[in-house]
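Ready for a few warm-up exercises on a protein fold? Keep the picture open and try each task before you read its solution.

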Amino acid sequence: IDQTGITAANTFVAQQGMPIRVAGGNNVVLALTDNGKLLMCTNTASAMSVRIPNNSAVAFPIGAEISLVNVLTHATANTLGIAQTAGVILQSKEAANTIADRFTSATLKKTATNTWLLIGNLA
């Protein structure tokens, strides 16, 4: 028996722990399958950007939540930034959109059709 999770009619997920997705490269666009996951953002070459798509392209449900952790390993470019596509509003303390330090995290929470809240260790 698979005890990692149960999905019913694509509306409810019950699981043990939070699924993890390792995301690499310079630019990552969030996908609907990232909802409820921890994205371990790793890139050995340079800084990295995670982009929030417009609701018309990827219709995350209101209440969607994605956690991000900075595990970048480039010696001089350990920046993990969060960006939004046109029409998306990103709300955060003092408009910060970068996870401040390696091995720290932030969480994105969708609060309206094209509005996301970013909370965590930001710079």
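**Exercises with worked solutions**

Let's start with one strand pair: strand β6 (residues 48-52) and strand β8 (residues 80-84) run parallel and are joined by five bridges. Before going on, note that this is a predicted model, where local features need pLDDT of at least 70, side-chain atom pairs count only at pLDDT 80 or more, and totals for chains, interfaces and linings use all residues. Residues are numbered from 1 along each chain as its sequence is written, and side-chain values use heavy atoms, with hydrogens and water left out.

**Exercise 1. Find the sheet that holds β6 and β8, and say which strands stand at its edges.**

Step 1: Look across from M48 and you meet L80 in β8.
Step 2: Widen the view to an open sheet of four strands, ordered β4-β6-β8-β10 with mixed pairing. Two strands pair if DSSP finds at least two bridges between them.
Step 3: β4 (27-29) and β10 (98-99) each have a single partner strand, so one side of each has no neighbour in the sheet.

**Exercise 2. Work out how many helices and strands the protein has.**

Step 1: Helices (H or I, at least four residues) and strands (E, at least two) are DSSP runs, numbered from the N terminus.
Step 2: Counting that way gives zero helices and 12 strands.

**Exercise 3. Describe the sheet of six strands.**

Step 1: This one is open too, with the order β3-β5-β7-β11-β12-β9 and mixed pairing.
Step 2: β3 (20-24) and β9 are the edge strands, each pairing on one side only.
Step 3: On average, neighbouring strands here are turned by 25 degrees against each other, direction ignored. (Axes are lines fitted to C-alpha atoms, for helices over the stretch in contact, and angles run from 0 to 180 degrees between N-to-C directions.)
Step 4: Zoom in on β11 (residues 105-112) and β12, which run antiparallel and share six bridges. T107 stands opposite I119 in β12.

**Exercise 4. Find the aromatic pair and say where its two members sit.**

Step 1: Rings of Phe, Tyr and Trp (its six-membered ring) pair if their centres lie within 6.5 Å; planes under 30 degrees apart count as stacked, over 60 as edge-to-face and the rest as tilted.
Step 2: Searching the whole structure turns up one such pair.
Step 3: F60 and W116 are the partners, edge-to-face at 5.2 Å centre to centre and 90 degrees between the planes.
Step 4: F60 is in the loop between β6 and β7 (65-70) and W116 in strand β12, so to speak a link between distant parts of the chain, 56 residues apart.
Step 5: Both F60 and W116 are buried. (Buried means under 20% relative accessible area, exposed over 50%, partly exposed in between, with a 1.4 Å probe and protein chains only.)

**Exercise 5. Decide for I66, T115 and E94: buried or exposed?**

Step 1: I66 lies in strand β7. Its relative accessible area is 0%, so I66 is buried. Contact means heavy atoms within 4.5 Å, and among the residues I66 touches are L30, F60, L108 and W116.
Step 2: T115 belongs to strand β12 (residues 115-120). T115 counts as buried because its relative accessible area is 13%.
Step 3: E94 sits in the loop between β9 (89-91) and β10. With a relative accessible area of 73%, E94 is exposed.

Notes. Lists of a residue's contacts leave out its neighbours within four places in sequence.
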